[in-house]
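This report describes how the helices and strands of one protein chain are arranged. The sequence and the structure come first, and the description follows.

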Amino acid sequence: MKVELENLFSIDQSSQDQVIKVYNRFGIFIGAPKIRKRNLKASFNPIFTLNEDVTYEHVAALYKSLEHELGIVSIGERFYFDFSDCEYEQAPLFTLNSTGNSPDMFIEDRGTLFSISTYCQHCGLKEKEQLSPLVIDTTEMKDRHLVHVNGYWVASHELVTLMKQEDIKGYELLEVIHRGPEEGKQKAFQIFPTQVLPECSTERVKLYFATEQPPCRCGLSGVINGPDTYKLKDLTNIKDDVFFSAEWSHDGRYLYRKTLFSRKFRELIIKNNISREVRGEKDKNFGPKDWLFDPVLLK
């Protein structure tokens, strides 16, 4: 697995050569920027690999040099995790991160009952416990087979039927409540895993954004977790196809547990043309309805 970092910032065209020299000084070789002719701004958007020679500590020092030497204080950052073909082929489980690169995969909650409690007094992250079936406007699902609602996955009746036909195991179904127009409404079900995986390996990659506040002492807010990573012995005897992670994730406000699926489930989705074969966010196949599964890593 390769970790890549994308930067994004703009600067006056006259300073572009100086920017390139600063990056080069830190062992990062980037190309010429795009020039916006109207205001003579140079837009830098380099993507480079983090490794033993270019660590994130190097990058943090690079940002300080850009600030002190050129006055660049606003730098966008984004991490990518690039998996090898071998990692896809050997993974017993996959983390489902997206069912498309369009906002249509997200459906708004319309009145589900939750109990809310504060998890961390410092960053304000909250825990929530679901007290009622999910309430959504099912007409908004349209022809999508799986949508995301407040940290939960909601499946269409067609997908649920397919999962039963193919003997996908390890979950319960909670029928959601429809609230919205009668025309176009459909049956939909919350997928609720019945098993929790062991804790991730301590070798799991953990990152942060140097351009933002340091991570919170709770270990969640401000931390960029790398791919789910497990010791091989911890997954040897697992059965079934759908699991909750042991670790909390969050959406910036609320905690939730990620859902992981078996190789069998991923192959089912691809075989039935629900999604094309997609390997990473930068895969050219990744479209509005393609499912993004990241392989778990084994140590």
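Val-149 stands opposite Tyr-152 in strand 11. The model in which this pair is seen is a predicted one. Strand 11 covers residues 152-156 and is joined to strand 10 by four bridges, the two strands running antiparallel.

**The sheet 10-11-14-12**

Strands 10 and 11 belong to an open sheet of four strands, ordered 10-11-14-12, with antiparallel pairing. Its edges are strand 10 (146-149) and strand 12 (171-175), each of which pairs on one side only. From one strand to the next, the twist averages 35 degrees. Helix 4 lies across strand 10, strand 11, strand 12 and strand 14 (188-193), and it runs at about 85 degrees to strand 11.

**The sheet 18-19-6-20**

Another open sheet of four strands has the order 18-19-6-20, and its pairing is antiparallel. Strand 18 (242-250) and strand 20 are the edge strands, each pairing on one side only. Here the twist averages 40 degrees from one strand to the next. Six bridges hold strand 18 and strand 19 in antiparallel pairing, and Ser-249 stands opposite Tyr-256 in strand 19.

Ser-98 is a residue of strand 6. Is Ser-98 buried or exposed? Its relative accessibility is 8%, so Ser-98 counts as buried, the cut-off for that class being under 20%. Leaving out residues up to four places away in sequence, Ser-98 touches Met-105, Trp-153, Phe-286, Asp-290, Trp-291 and Leu-292. One of these contacts, Trp-153, has a number that falls within strand 11 (residues 152-156). The C-alpha atoms of Ser-98 and Asp-294 are separated by 9.7 Å, although the two residues are 196 residues apart along the chain.

**Helix 6**

Helix 6 lies across strand 6, strand 19 and strand 20, running at about 75 degrees to strand 19. Within helix 6 (residues 263-271), Phe-265, Arg-266, Leu-268 and Ile-269 are buried. Seen down the helix axis, these buried residues fall within an arc of 155 degrees, so they line one face of helix 6. The elements that cover them include helix 3 (85-90), strand 6 (93-98), helix 4 (157-165), strand 19 (255-262) and strand 20 (292-295). After helix 6 comes Asn-273, with a positive phi near 60 degrees.

**Helix 1 and helix 2**

In helix 1, the buried residues are Gln-16, Val-19, Ile-20, Val-22 and Tyr-23. Viewed down the axis of helix 1, they fall within an arc of 160 degrees and so line one face of the helix. The face turned away from this buried side carries the exposed residues Lys-21 and Arg-25. Helix 1 is followed by Gly-27, whose phi is positive, near 80 degrees.

How do helix 1 and helix 2 pack, and at what angle? Helix 1 (residues 16-25) and helix 2 (residues 56-70) meet at an angle of about 150 degrees, with their axes 10 Å apart. Helix 1 is therefore roughly antiparallel to helix 2, since angles over 145 degrees count as such. The crossing of helix 1 past helix 2 is right-handed. On the helix 1 side, the contact is made by Gln-18, Val-19, Val-22, Tyr-23 and Arg-25. Helix 2 contributes Leu-62, Ser-65, Leu-66, Glu-69 and Leu-70.

Ser-65 lies in helix 2 and counts as buried because its relative accessibility is 13%. Not counting residues up to four places away in sequence, Ser-65 touches Val-22, Arg-25, Phe-26 and Leu-70.

**The partners of strand 1**

Strand 1 (residues 2-12) pairs with strand 5, strand 4 and strand 3. Strands of a sheet pair through backbone hydrogen bonds, either parallel or antiparallel. The table gives the bridges for each partner, with one pair of facing residues.

| Partner of strand 1 | Sense | Bridges | Facing residues |
|---|---|---|---|
| Strand 5 (residues 76-82) | antiparallel | seven bridges | Val-3 and Phe-81 |
| Strand 4 (residues 47-50) | antiparallel | four bridges | Leu-5 and Phe-48 |
| Strand 3 (residues 41-44) | antiparallel | four bridges | Ile-11 and Ala-42 |

Terms used
Residues numbered from 1 in each chain as written. Predicted model: local features only at pLDDT ≥ 70, side-chain atom pairs only at ≥ 80, totals over all residues. Heavy atoms only, no water. Buried < 20%, exposed > 50% of the residue type's maximum accessible area, 1.4 Å probe, protein only. Arc of directions from axis to C-beta. Contact = heavy atoms within 4.5 Å. Pairing = 2+ DSSP bridges. Axes fitted to C-alpha atoms, helices over the stretch in contact; angles between N-to-C directions. Parallel < 35°, antiparallel > 145°, perpendicular 65-115°, else oblique. Left-handed = near helix turned anticlockwise from the far one by under 90°.
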